[in-house]
Amino acid sequence: MLTVEQALDQIAAAVRPLPARRSPLADALGLVLAENIVSDSDSPPFDKALMDGFAVRAADVLRADSSLNIVGELTAGQIADRPVGPGETMQIMTGAPIPAGADAVLRIEDAVIDGETVRFVGIPAQPGRNILRRGAAMRAGDVVLSAGRRLRAQELGLLAELGRAEISVLPRPSVALLATGDELVPVDQVPGPGQIRNSNETMLQAQVARAGCRVVPLGIARDNERILEQKIRAGLEHDVLCLSGGVSMGKLDLVPAALARCGVREVFHKVHLKPGKPVWFGVYDAPDGRRRCIFGLPGNPVSSMVCCELFVQTAIRALSGQTPIRPAPVSARLVTTHSHHDDRPTFVPSHLESGLDGPRVTPLGWKGSADLRSTVAANAMTLFPPGDKDYAAGDVVDVYAW
Ligand code: AMP
Ligand code: MG
């Protein structure tokens, strides 16, 4: 059986990034840039006042009691219609272009205005004071963002400054979700005897939406070969199809065979981990030339959740160009003792927080892979390697933020 690392390697090897597409800037949060961005202008585009105050010739205010004639007023967006001559000043607001002749801005707080004249207290003015020079932050021709960068608020703001209303990005993967099981009823219905609600769809929908994907829920497929095949074919229209349930050893675990009949090629079935051992992964090369990724997640909710975090999110990162592709753990110290006795590496829902000596983690009591309620207190999962070990408080473990 594959280890988690081997399974992640196989996903990384099988998944190809989606082709780049143009996107409006406003829809690009979280996407990865697919072009280098070169500045076509200087920033700021002109010498700019950094303070509300007075634009002066520094040589005029060497002495603290120098008095200057006020010959104009400049607000942001206004260009001076004359230069500042010797013995003159213009009142200026933050962001306004520095008028010709002036080479410093003195703060309004340091000015004593007397009718048409102003004098300054306390400071001689050095040239350049309170001025941001043209091109100080960015010069025309600079590569300011490189392909591969994930777009956050600051990158989007910079693109807006450059007037790039549309950019080339790796698009959001579209992810179809298909819950399987005769026992499932939709969330808004009351389960009959032996039935349960389809909680996995809502949970998985949130997990992949959080990763920036477009989500298309396909509802519930009964454990019936014909219905399964029909719904799987609809799901294969999308970049990723995630099924939940039907991949274990039960009589009605029909998913792997149904996927095979739909032309999906198995890459792996079963991974050495807990919870989530029956997880299934395959690929389908669609007639449009694009490769689809298909996951069969075990039906138990915590298994589904853990496998989505480890495996589905890895495929999503690979499709959308995010790096690193693999889930990145942090090292944290255990707050409590923990006893681990299992031959499988186990991902335990946990609470991760920052402490004075670095990250610390508390594994939560949970009743196994059907216990979704315990995950509500969790924001992470702690990985306990296979074997029998009694961990002490303070021991360092690998933790994956959720
Ligand atoms: P399976 O993987 O189909 O054998 O299902 C394992 C367990 O998970 C069973 O107890 C199922 O009832 C439960 N289960 C399967 N699908 C879902 C779902 N969509 N939502 C909640 N529980 C589920
Ligand atoms: Mg089932």
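# A quick tour of a predicted structure

The side chains of R210 and E309 come together in a salt bridge, with 3.0 Å from N to O. That pair ties together distant parts of the chain, since R210 sits in helix 3 and E309 in helix 6, 99 residues apart. Keep in mind that you're looking at a predicted model. Below, we start with the salt bridges, move on to ligand 1, and finish with the surface and the backbone.

**Salt bridges**

- Side chains of opposite charge can pair when their charged atoms come close.
- How many salt bridges does the structure hold? The count is 20.
- Back to our opening pair: R210 has a relative accessible area of 49%, so it counts as partly exposed.
- Its partner E309 has just 9%, which is under the 20% cut-off, so E309 is buried.
- R152 and E155 also pair up through their side chains, at 2.7 Å from N to O.
- Is E155 buried or exposed? E155 is buried, because its relative accessibility is 4%, while R152 is partly exposed at 41%.
- Another bridge brings the side chains of R360 and E353 together, at 3.4 Å from N to O.
- Here both partners are partly exposed: R360 has 34% relative accessibility, and E353 has 30%.
- Some bridges share partners, and in this way R22, E35, R164 and E166 are joined into one network.

**Around ligand 1**

- Which residues come nearest to ligand 1? There are 16 residues around the ligand, and the nearest are E183, N198, G246, G299 and N300.
- Sorted by type, the residues of this shell are three nonpolar, ten polar and three charged.
- E183 uses its side chain: one of its N or O atoms is 2.5 Å from an oxygen atom of ligand 1.
- N300 makes its contact through the backbone, where a polar atom is 3.1 Å from an oxygen atom of ligand 1.
- N200 also offers a polar backbone atom, this time 3.2 Å from a nitrogen atom of the ligand.
- On its own, ligand 1 has 480 Å² of accessible area, and the protein covers 78% of that.
- Which elements give two or more residues to the shell? They are strand 14 (174-180), strand 16 (196-197) and helix 3 (199-210). You've met helix 3 already, as the home of R210.

**A nonpolar patch on the surface**

- L50, M51 and L132 make up a nonpolar patch on the surface, and together they have about 210 Å² of accessible area.
- L132 belongs to strand 11, which covers residues 131-132.
- L132 counts as partly exposed, because its relative accessibility is 31%.

**Backbone details to look for**

- The peptide bond joining K274 and P275 is cis, with omega at about -5 degrees. You'll find P275 in the loop between strand 19 (265-269) and strand 20 (280-285).
- Another cis peptide bond runs from T323 to P324, with omega near -5 degrees. P324 is in the loop between helix 6 (301-319) and strand 22 (330-334).
- K270 isn't a glycine, yet its phi is positive, near 85 degrees. K270 is in the loop between strand 19 and strand 20, and it's partly exposed at 24% relative accessibility.
- N130 has a positive phi too, near 60 degrees, and is likewise a residue other than glycine. Look for N130 in the loop between strand 10 (117-120) and strand 11.
- Why does N130 count as buried? Its relative accessible area is 19%, and buried means under 20%.

Methods. Residues numbered from 1 in each chain as written. Chains lettered and ligands numbered in written order. Predicted model: local features only at pLDDT ≥ 70, side-chain atom pairs only at ≥ 80, totals over all residues. Heavy atoms only, no water. Near = heavy atom within 4 Å. Polar contact = N/O pair within 3.5 Å; in protein donor to acceptor, adjacent residues only side chain to side chain. Areas by Shrake-Rupley, 256 points an atom, 1.4 Å probe, with all protein chains shown as cover. Helix = DSSP H or I, 4+ residues; strand = E, 2+ residues; numbered from the N terminus. Nonpolar A, V, L, I, M, F, W, Y, C, P; charged D, E, K, R; others polar. Patch = residues over 30% accessible without salt bridge, like charges linked within 9 Å, V, L, I, M, F, W, Y side chains within 5 Å. Salt bridge = Lys/Arg side-chain N within 4 Å of Asp/Glu carboxyl O. Buried < 20%, exposed > 50% of the residue type's maximum accessible area, 1.4 Å probe, protein only.
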